[in-house]
Amino acid sequence: GRCRPAMRIAVQYFSQLRELAGCAEETVELPAEATIKDLLNRLYQRHPGLRQWDRQILLGIGVEFVDRAHRLRPDEQVAIMPPVQGG
């Protein structure tokens, strides 16, 4: 098979997701062309407790929210947040 270069993605966790992951941030290595969905699948393997939040979490890159089809670029930093608590 063809070798695909890997890329590193920095992940930041917020609020109760930080407790579930057991860390505030970590780096994940993914194949080139990976999407947010691929990233989430990798994170759920590492931290099964995060999966329960799958339908609710918000995903941001920089100041923008992104969807699961977003194609990641090397060294991108992804923020993974619980839904905003409205009052």
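**Glu-26, helix α2 and Pro-5 in a predicted model**

In this predicted model, Glu-26 counts as buried, because its relative accessibility is 15% and buried means under 20%.

User: Which strand holds Glu-26, and with which side chain does Glu-26 make a polar contact of 2.7 Å?

Analyst: Glu-26 belongs to strand β2, which spans residues 25-31. Its side chain makes a polar contact of 2.5 Å with the side chain of Arg-46. The polar contact of 2.7 Å joins the side chain of Glu-26 to that of His-47.

User: Which residue of helix α2 named as buried is also in contact with Glu-26?

Analyst: The buried residues of α2 (residues 36-46) are Ile-36, Leu-39, Leu-40, Leu-43 and Tyr-44. Beyond its neighbours within four places in sequence, Glu-26 is in contact with Ile-9, Ala-10, Val-11, Tyr-13, Leu-43, Arg-46 and His-47. The name found in both lists is Leu-43.

User: What arc around the axis do the buried residues of α2 cover?

Analyst: The residues concerned are Ile-36, Leu-39, Leu-40, Leu-43 and Tyr-44. They lie on the same side of α2, because the arc they cover around the axis is only 135°.

User: Which exposed residues does the opposite face of α2 carry?

Analyst: The buried residues of α2 pack against β1 (6-13), β2, β3 (58-61) and β5 (77-81). The face turned away from that buried side carries the exposed residues Lys-37 and Gln-45.

User: Is Pro-5 buried or exposed, and what is its relative accessible area?

Analyst: Pro-5 is placed in the segment before β1. Setting aside residues up to four places away in sequence, Pro-5 touches Leu-30, Pro-31 and Ala-32. Pro-5 is nevertheless exposed, because exposed means over 50% and its relative accessible area is 56%.

Conventions: Residues numbered from 1 in each chain as written. Predicted model: local features only at pLDDT ≥ 70, side-chain atom pairs only at ≥ 80, totals over all residues. Heavy atoms only, no water. Helix = DSSP H or I, 4+ residues; strand = E, 2+ residues; numbered from the N terminus. Buried < 20%, exposed > 50% of the residue type's maximum accessible area, 1.4 Å probe, protein only. Polar contact = N/O pair within 3.5 Å; in protein donor to acceptor, adjacent residues only side chain to side chain. Contact = heavy atoms within 4.5 Å. Arc of directions from axis to C-beta.
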